[in-house]
Structure formats: structure tokens, C-alpha cells
Amino acid sequence: MLKQATFRFYEELNDFLPLDKKKVDFVRLFSGNPSIKDIVEAIGIPHVEIDLILVNGSSVDFKYILQDNDRVSVYPVFETLGINNVTHLRAQPLRVSTFILDVHLGKLANYLRMLGFDTLYRNDNDDPEIIRISLEEHRIILTRDIGLLKVKSVTHAYFVREQHPKRQLEEVLKHFDLYKDISPFNRCIKCNGHLEPVEKEKIIQHLEPLTIKYFNVFFQCKNCRSIFWEGSHYEHMLEFIQTIQQEVIGTGL
Ligand SMILES: [Zn+2]
């Protein structure tokens with residue numbers, strides 16, 4: 001016998017829905033005794049994006065068995081609801097945001113490292129490896145692959161909506177509220193190692209003549225020994241950060 005339930009998805013969960021189901025109540029027919037998690041994923045929403053499910057006004061966990069004529073409201077992670085005494089489906093948010101990125105997000109990885117965020121990225125990491133590292137090191141997976149978000153063992157992951165790397169960076173900074181944690185010249189863009197200040201004399205043999213002439217402040221990666229300095233690259237980065245921050249102020253955040 002077919003049963004039915006009414007669903008509504010809130011905020012950015014609508015990104016996963018077809019146009020006719022965005023931001024409206026819609027009816028879903030079902031049979032048997034599916035869990036709410038199975039139904040919601042069948043509708044197309046990865047479970048890692050969900051923080052709260054209300055059924056007929058009460059919070060339920062993912063194991064809840066959907067009943068005939070249920071009314072289901074589904075809210076995203078990080079949504080501020082102002083509702084007390086509800087069952088949040090997430091574990092506690094990770095205290096310090098550290099990341100592992102899928103193979104499509106190399107540029108974004110560079111930008112995050114430029115701003116000082118602990119960001120793992122390899123262009124040859126496969127999905128099982130990314131998931132394993134995420135779980136072992138409590139890293140948030142950033143991905144453009146919805147399939148990866150639906151893997152059962154994944155606990156902390158975010159689907160990056162934007163396609164352009166700079167807009168992706170803005171999206172991630174905003175979503176995880178990272179602006180206060182920006183710390184340039186902290187991470188090596190090449191390998192994610194820690195940077196430390198280094199005296200010019202100690203590395204002078206590795207520098208080009210013009211670099212020696214014009215620059216005095218240098219940093220070196222503790223891991224791969226790459227050398228960075230506050231040159232035009234640094235100026236561009238500062239400008240870029242300021243642009244982003246001004247946009248944030250402009251939007252009232
Ligand atoms: Zn390095």
C-alpha cells in the first residue's frame with residue numbers, strides 16, 4: 001500500500017532539489033518502512049548537509065521510520081534556528097576548521113593555504129583515501145562530488161556550490177565563518193607545511209638578484225623548505241583579502 005508524506009527543505013538544502021520542489025511543500029509517496037535518512041537521500045539531499053529534521057513539529061534522528069501522512073521539515077547544517085531541546089544530527093562542530101579537498105579543487109586549496117588554513121589536497125587522492133583522512137584527522141571534506149557526500153561513513157563534508165575558485169573561497173569563508181581566522185604567511189602554498197620567518201642571510205644563496213635587491217622579509221616552509229617573501233604576490237593576496245572583507249561588510253555580515 002502506498003503511503004505519503006509532505007516534505008519541505010530549508011535554505012541551501014534547496015540547492016539539491018529540482019525547481020518544482022525548491023522552497024515549497026511537496027508530497028512524496030512511499031511504501032514499506034523506510035528510515036527518514038533513506039527517503040531524504042532518495043530525494044537527493046546528502047545526509048552530511050542536514051542538521052535537523054522535524055517530523056510533525058518534533059525533532060527526530062536519522063533512524064526514524066517514516067509514517068503515513070507525516071509532515072517533514074529538513075534544515076541544513078549551521079542554520080541558526082533558535083529552537084531549543086531538539087535533536088541535532090551533527091556531532092559537535094569541529095573546533096578548528098581544517099580541510100581536505102577533492103581532486104577538482106586545487107585552486108581553492110591554494111587560496112585556503114594562502115590565508116593560513118590547514119588544507120590537504122592531492123590531485124591523485126581517491127574518494128576512499130579522502131574519507132579515511134577526513135575521519136582520522138577530523139578534517140572537513142570540501143567537494144564538488146555529491147556522490148562523495150552520500151557515503152555513509154562521511155560525517156563532516158560540504159558541497160561547494162560555486163565553480164570559480166575565488167568565488168569558492170568566498171563561499172567557504174562565509175559558510176564556515178572563517179574571516180576571523182585568516183592568517184597569511186602561515187602555510188606553505190605548495191605542501192601545506194608551516195612557514196617560519198627566516199633571515200635573509202641564511203637563504204640568500206637561493207634568491208634571484210632582483211629579489212635580493214628589493215625584498216627583506218622572508219619565510220621558509222619547515223617541510224619542503226620553499227621560500228616566500230612579501231613581494232607582488234603578497235600585495236595581490238592582501239588586496240584580494242581586503243576585497244573579500246569589504247564585500248562581507250557590504251552585505252552586513
Ligand atoms: Zn612546503
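1. A contact here means heavy atoms within 4.5 Å. With that in hand: of the contacts in the protein chain between residues at least 6 apart in sequence, 59% join residues at least 24 apart. Keep in mind that this is a predicted model.

2. On to the overall make-up. The protein chain has eight helices and 12 strands. Of its 253 residues, 47% are buried. The exposed area comes to about 14,000 Å², and carbon and sulfur atoms supply 50% of that.

3. A word on confidence before the details. Mean pLDDT for the protein chain is 86, with 88% of residues at 70 or more. Among the elements, strand 7 has the highest mean, 97, while helix 8 (residues 232-250) has the lowest, 69. Two stretches need some care when you look at the model. Over residues 79-84 pLDDT stays under 50, and the model has four contacts for them beyond four places in sequence. Residues 249-253 also stay under 50, with two such contacts.

4. Now the zinc ion. Which residues hold it? The protein donors are the SG atoms of Cys188, Cys191, Cys221 and Cys224, at 2.3 to 2.4 Å from the metal. Along the chain these donors follow the spacing C-x2-C-x29-C-x2-C. The angles between the four donor atoms run from 98 to 117°, so the arrangement is tetrahedral; the cut-off for that label is that all angles lie between 85 and 135 degrees.

5. Two of those cysteines are worth a look for their exposure. Cys221 is buried, at 0% relative accessible area. Cys224, by contrast, has 35% relative accessibility and so counts as partly exposed. The range that matters here starts at 20%, under which a residue is buried, and ends at 50%, over which it is exposed.

6. Staying in this part of the chain, have a look at Arg225. This residue sits in the loop between strand 11 and strand 12. Its phi is positive, about 70°, although Arg225 is not a glycine. Why flag that? Most residues other than glycine have a negative phi. Arg225 is partly exposed, because its relative accessible area is 42%.

7. Next, the aromatic rings. A search of the whole structure turns up 10 aromatic pairs. One of them is Phe7 with Phe9, a stacked pair with 6.1 Å from centre to centre and 5° between the planes. Phe7 and Phe9 are both buried. Ring pairs also tie Phe7, Phe9 and Phe26 together as a cluster.

8. Another pair is Phe218 with Trp229. The ring centres are 6.0 Å apart and the planes stand at 55°, so this pair is tilted. Phe218 belongs to strand 11 (residues 218-221) and Trp229 to strand 12 (residues 227-229), so to speak a link between distant parts of the chain, 11 residues apart. Are the two partners buried or exposed? Phe218 has 2% relative accessibility and therefore counts as buried. Trp229, with a relative accessible area of 28%, is partly exposed.

9. Two more residues share the positive-phi theme. Asn69 is not a glycine, yet its phi is positive at about 70°. You will find Asn69 in the loop between strand 4 (58-60) and strand 5 (71-76). Asn69 is exposed, because its relative accessible area is 55%. The other residue is Asp177, just after helix 5, with a positive phi of about 55°.

10. Helix 5 itself (residues 165-175) has a mixed set of buried residues on its list: Gln168, Leu169, Glu170, Glu171, Val172, Leu173 and His175. Glu170 and Glu171 are both among them, in case you want to check those side chains in the viewer.

11. Last, a loop residue that is not exposed. Where does Asn125 sit? Asn125 is in the loop between strand 7 (119-120) and helix 3 (127-137). With a relative accessible area of 10%, Asn125 is buried. Apart from neighbours within four places in sequence, Asn125 touches Ile100, Val103 and Ile130. Strand 7, at one end of this loop, is also the element with the highest mean pLDDT.

Definitions and conventions
Residues numbered from 1 in each chain as written. Predicted model: local features only at pLDDT ≥ 70, side-chain atom pairs only at ≥ 80, totals over all residues. Heavy atoms only, no water. Donors = N, O, S within 2.8 Å, 3.2 Å for Na, K, Ca; no water. Tetrahedral: all angles 85-135°; square planar, octahedral: opposite > 155°, others 65-115°. Buried < 20%, exposed > 50% of the residue type's maximum accessible area, 1.4 Å probe, protein only. Helix = DSSP H or I, 4+ residues; strand = E, 2+ residues; numbered from the N terminus. Areas by Shrake-Rupley, 256 points an atom, 1.4 Å probe, with all protein chains shown as cover. pLDDT = per-residue confidence, 0-100. Phe/Tyr/Trp six-rings, centres within 6.5 Å; stacked < 30°, edge-to-face > 60°.
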